[in-house]
Amino acid sequence: MFKIFFIFLSSFVSFSTLAAESSFPIIDYQSIHHPHISNTGMVVSQRKVASQVGSDILGKGGNAVDAAVATALALAVVLPRAGNLGGGGFMMVYLESLDKTIAIDYREKAPAAAHRDLFLDENGNYDKQKAQFSLLSAGVPGSVAGLYYALTKYGTMSWKEVIAPSILLAEKGFVVPHDLANTLSFSTYRKRLTSNPAAAKSFYKKNKDLYSAGEILRQPDLAWTLKQLSKHGPDAFYKGAIAKKIVKEMKKNGGLITADDLENYVVAERVPVKGTYKGFDIVSMPPSSSGGIHLIQMLNMLESYSIKEMGFGSADTIHILAEVMKRAYADRSKYLGDSDFYNVPSGLISKEYAKELNKNISLKNRTPSNQVYAGNPLPYESPDTTHFSIMDSFGNAVANTYTLNFSYGSGIVIPGTGMLINNEMDDFSSKPGTPNGYGLLGSEANSIEGNKRPLSSMTPTIIFKDKKPYLVFGSPGGSRIITTVLQVALNVMTHGMNIAQAVNSPRIHHQWLPEVLMIEEGFGADTEALLEQRGYRLYPSRTMGSVQAILNKDGYFYGAADPRRPSAGVVSP
Ligand code: DON
């Protein structure tokens with residue numbers, strides 16, 4: 001087939017033309033999946049307008065961190081379901097000048113008064129309303145502190161410069177994309193958001209009417225908040241006028257966050273977790289995220305199998321993926337929590353431990369989840385979310401994932417600020433054996449304690465090839481983040497897909513419990529039948545994750561914005 005195409009092509013194009021073109025980036029032009037290509041820098045985020053803001057910063061000579069902070073602040077305006085000031089997240093920064101990757105943990109912290117039974121009712125049962133939709137569900141937000149920390153430590157531009165585009169977007173407004181109009185019309189979100197007067201004012205018209213795609217959404221309260229931040233820096237948020245509004249609302253409506261909690265919030269700079277897979281170096285987020293550890297653990301296990309030969313999307317490959325995922329998520333439920341409070345076993349990412357776990361995997365037979373238990377890694381020895389990826393022409397890279405937890409967080413806007421507050425406290429394990437909003441189980445390691453960070457699955461990751469950043473990526477998706485990141489990594493490293501195909505290809509997910517294999521469309525009925533024959537209970541999922549990725553190869557950046565969530569986009573200066 002390829003040969004025929006080549007003969008056909010060569011009858012039109014002379015060999016000398018082809019030779020001349022060989023200095024262009026090498027990409028398979030016969031692919032049905034096309035990445036964006038540039039060599040000047042690249043921003044890939046879940047909103048093209050926010051990517052444009054970041055790209056403009058790169059165009060002005062800013063570095064990847066400057067662009068990251070500007071993009072994150074813009075997403076707080078144009079992607080209210082996940083971009084945020086009232087939430088938290090993680091930023092991986094590769095600095096070319098130091099040849100070093102830094103992990104910035106700006107995850108929310110539990111208010112000091114939080115305690116392990118916070119979300120139990122009088123009968124000792126998990127109270128979903130409290131844990132997910134009340135002010136009690138809010139952790140002390142870290143986004144403002146984290147972005148400011150990144151900029152002032154690793155950026156080159158001023159805070160005022162990077163915040164300016166967001167003020168304009170909030171004040172003058174932006175064109176509502178279909179995706180935003182659509183989610184705001186969903187009955188669950190509409191009911192939740194319109195029952196909170198400040199949220200209704202921010203995201204709906206008078207009388208709680210909907211915005212249509214193409215209309216302009218202005219957010220004057222959010223513009224006020226951003227101007228306060230521009231003028232006074234993070235102090236406005238943690239001590240000043242914004243802090244006062246947060247504390248007032250907490251007191252009035254039963255939240256726990258105090259002025260002291262806000263003032264005591266600290267960003268943690270951490271050492272990334274590192275692993276290897278078939279010659280690639282994997283660098284990812286350590287606790288308080290579980291993402292990096294389980295990504296590396298699963299890759300360690302998968303290294304022993306002939307995944308390439310089994311082929312993408314075959315029943316055999318999906319079976320091995322599911323077996324590996326189950327074991328990682330069983331370990332997650334037992335061993336993972338905020339490492340400032342709990343000694344997470346470092347043995348989880350050792351190659352020996354992966355070999356040990358692999359001993360119980362059969363190539364053909366499914367292990368029922370009730371026969372999968374957390375393993376025995378060696379102990380600690382010493383020492384709706386959104387992702388964006390950025391690379392600059394200086395060789396720096398940023399992978400950032402941040403969130404309010406659910407889409408639109410708790411659905412509560414702090415009056416006067418236009419700012420949604422997170423419901424990240426539900427990421428703690430409220431009661432052993434009772435799953436959280438993502439069906440995840442947890443234990444003592446992730447129990448609620450004052451000042452502790454709830455365990456996350458966010459997995460901003462940089463994969464290195466020949467010691468240079470090769471793949472910069474991450475995803476939202478709750479518990480499905482880690483398995484989404486895993487599959488995109490395998491699609492590139494093992495299946496040799498171009499980045500657009502790697503991102504677009506269908507995915508599966510297994511998290512041990514509940515015992516179902518979630519599966520996107522596109523694997524085919526015969527594969528599904530083979531999996532069902534092995535005893536898998538398939539659960540069709542429309543989409544999983546939303547990966548924003550950049551591949552850096554041969555002097556070019558190849559970008560792919562996940563088509564699963566519309567209005568994402570790649571922009572280059
Ligand atoms: O930190 C976590 O793992 C969750 N709060 C992430 C939530 C999420 O990805 C929602 N987006 N789809």
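Visitor: Why does the approach of Arg 107 to an oxygen atom of the ligand count as a polar contact?

Guide: A polar side-chain atom of Arg 107 lies 2.9 Å from that ligand oxygen, and a polar contact is a pair of N or O atoms within 3.5 Å (within protein, one must be able to donate a hydrogen and the other to accept it, and residues adjacent in sequence count only if both atoms are side-chain atoms), so the pair qualifies. This is a predicted model, in which local features need pLDDT of at least 70 and side-chain atom pairs count only at pLDDT 80 or more, while totals for chains, interfaces and linings use all residues. Residues are numbered from 1 along each chain as its sequence is written, and side-chain values use heavy atoms, with hydrogens and water left out.

Visitor: Which atoms of Asn 405 and Gly 477 approach the ligand?

Guide: For Asn 405, an N or O atom in the side chain is 2.7 Å from a nitrogen atom of the ligand, whereas for Gly 477 a backbone N or O atom lies 3.0 Å from a ligand oxygen.

Visitor: How many residues surround the ligand, and what makes a residue count as near?

Guide: A residue is near if one of its heavy atoms lies within 4 Å of the molecule; 15 residues surround the ligand, and the closest are Asp 384, Thr 385, Glu 424, Asp 427 and Ser 456.

Visitor: What makes the pair Asp 384 and Arg 81 a salt bridge?

Guide: The closest N and O atoms of Asp 384 and Arg 81 are 2.5 Å apart, and a salt bridge asks for a side-chain nitrogen of Lys or Arg within 4 Å of a carboxyl oxygen of Asp or Glu, so the pair meets the definition. Between domain 1 and domain 2 the count is 1 salt bridge, and the structure as a whole holds 27 salt bridges. Another pair is Lys 364 with Asp 316, whose closest N and O atoms are 3.1 Å apart. Lys 364 lies in the loop between helix 18 (351-358) and strand 10 and Asp 316 in helix 17 (residues 315-335), so this pair ties together parts that are 48 residues apart in sequence. Helices (H or I, at least four residues) and strands (E, at least two) are DSSP runs, numbered from the N terminus.

Visitor: How do you know which residues belong to domain 1 and which to domain 2?

Guide: The bounds come from an automatic or database domain assignment, which gives domain 1 as 12-269 + 387-446 and domain 2 as 272-384 + 461-546. Their C-alpha centres lie 25 Å apart, and the contact, meaning heavy atoms within 4.5 Å, takes 39 residues from domain 1 and 41 residues from domain 2.

Visitor: What is the area that domain 1 and domain 2 bury between them?

Guide: Buried area is the accessible area (1.4 Å probe) that two parts lose on being put together, summed over both; here it is about 2,900 Å², with 62% of it on carbon and sulfur atoms.

Visitor: What is said of the peptide bond from Leu 513 to Pro 514?

Guide: That bond is cis, with omega near 0°, and Pro 514 is found in the loop between strand 16 (508-509) and strand 17 (517-519).
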